[in-house]
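User: I would like a close look at a single part of this structure. Please keep the answer connected and brisk.

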Amino acid sequence: MLSHVVTYAPEEPEHDTAIEDINKEAFGPGRFTRAAYRIREGGPHDRSLSFVATSGGHVVGSVRLTPILIGQTKAMLLGPLAVRPAWKKQGIGAALMRTSIEAARRANHKLVILVGDEPYYAPFGFRRIEGHQIVMPAPVEPSRFLACELVPHALKDVQGRVRHASVA
């Protein structure tokens with residue numbers, strides 16, 4: 001018998017404070033200096049592709065997708081993905097990942113990138129971005145720069161600076 005039921009839903013504005021608390025708890029103040037955060041500063045994430053996990057009316061995890069351009073190629077930036085410590089190791093992060101990636105696929109997006117640990121993200125289709133001329137706005141450890149092609153060969157010939165889609 002489950003003692004805690006977790007539900008998944010699209011993110012709503014009323015979730016913002018809880019999500020910020022979760023990200024603060026998970027990533028600390030250093031999150032503001034990271035390359036992905038700098039991209040996200042350029043504009044809003046896509047709430048229709050961003051999800052929360054809730055239990056008993058409380059947000060226990062979240063994932064966001066942000067529209068970006070890599071050169072002139074449209075893509076999505078995944079992150080942050082975070083789950084409250086007491087709720088880790090229960091499959092919540094994985095469920096959030098599957099939900100957001102499938103939503104991006106249904107919305108006809110072709111490519112999702114992120115900065116993260118390949119062993120965690122590989123089961124969701126993410127692989128290292130190697131041999132591409134893709135430039136993040138701050139240094140990124142090459143082994144942590146990952147992409148998931150939602151359609152075959154979506155990464156082929158993609159090159160350029162990564163920025164929020166609202167930044168021309």
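User: Take strand β3 and its surroundings. Are R64 and E11 buried or exposed?

Analyst: Both are buried: R64 is, and so is E11. Bear in mind that the model is predicted.

Start with R64. Its relative accessible area is 15%, below the 20% cut-off, so R64 counts as buried. The R64 side chain meets that of E11 in a salt bridge, 2.9 Å from N to O. This pair links distant parts of the chain: R64 sits in strand β3, while E11 sits in the loop between β1 and α1, 53 residues apart.

R64 has a second acidic partner, D16. Here the N to O distance is 3.4 Å. R64 lies in β3 and D16 in helix α1, so this salt bridge ties together parts 48 residues apart in sequence. D16 has 28% relative accessibility, so it counts as partly exposed. Together with R47, the residues E11, D16 and R64 are linked in a network of salt bridges. As a general point, side chains of opposite charge can pair when their charged atoms come close.

The structure holds 10 salt bridges. Another that involves helix α1 joins E25 and R84, with the closest N and O atoms 3.2 Å apart. E25 lies in α1 and R84 in the loop between β4 and α3, so the pair ties together parts 59 residues apart in sequence. E25 is partly exposed, with a relative accessible area of 45%. R84 is also partly exposed, at 24% relative accessibility.

Now the strand itself. Of the 13 residues of β3, 11 are buried, so the strand is largely enclosed by the rest of the structure. Three strands pair with β3: β2, β4 and β9.

Take β2 first. β2 and β3 pair in the antiparallel sense over 5 bridges. F51 stands opposite V63 in β3. V52 has S62 as its bridge partner in β3. The hairpin of β2 and β3 has 2 residues between the strands, and G56 takes a positive phi near 60° there.

The pairing with β4 is antiparallel too, over 9 bridges. L65 stands opposite L78 in β4. β3 and β4 form a hairpin with 2 residues between them. In that turn, G71 has a positive phi of about 65°.

β9 covers residues 160-164 and pairs with β3 in the antiparallel sense over 3 bridges. In β9, R163 is the bridge partner of L69.

Back to β2, which is enclosed as well. Buried residues make up 5 of its 5, so β2 is largely enclosed by the rest of the structure. Generally, side chains in a regular strand alternate between the two faces of the sheet. In β2, both faces are covered. F51, A53 and S55 are buried on one side, and V52 and T54 are buried on the other. β2 also pairs with β1, in the antiparallel sense over 4 bridges. There, A9 stands opposite V52. V52 thus has a partner in β1, namely A9, and a partner in β3, namely S62.

Next, what packs against these strands? The buried residues of helix α3 pack against β1, β2, β3, β4 and α4. Among those buried residues are I92, L96, M97, I101 and A104. Helix α3 runs over residues 92-106, and its length fits the expected rise. At 1.5 Å a residue, its 15 residues should span 21 Å, and the end C-alpha atoms are 21 Å apart, which agrees. Just after α3, N108 takes a positive phi of about 70°.

Helix α4 (118-121), also packed against by α3, leads to the aromatic residues. The structure holds 3 aromatic pairs. One of them is Y120 with Y121, edge-to-face, 4.9 Å centre to centre and 85° between the planes. Y121 also pairs with F126, again edge-to-face, at 6.0 Å centre to centre and 70° between the planes. Y120 is partly exposed, with a relative accessible area of 37%. Y121 is at 12% relative accessibility, so it counts as buried. F126 is buried too. Y120, Y121, F124 and F126 form one aromatic cluster.

To sum up, β3 is largely enclosed, and its buried residue R64 has salt bridges to E11 and D16.

Methods: Residues numbered from 1 in each chain as written. Predicted model: local features only at pLDDT ≥ 70, side-chain atom pairs only at ≥ 80, totals over all residues. Heavy atoms only, no water. Expected span 1.5 Å × (residues − 1). Buried < 20%, exposed > 50% of the residue type's maximum accessible area, 1.4 Å probe, protein only. Contact = heavy atoms within 4.5 Å. Pairing = 2+ DSSP bridges. Phe/Tyr/Trp six-rings, centres within 6.5 Å; stacked < 30°, edge-to-face > 60°. Salt bridge = Lys/Arg side-chain N within 4 Å of Asp/Glu carboxyl O.
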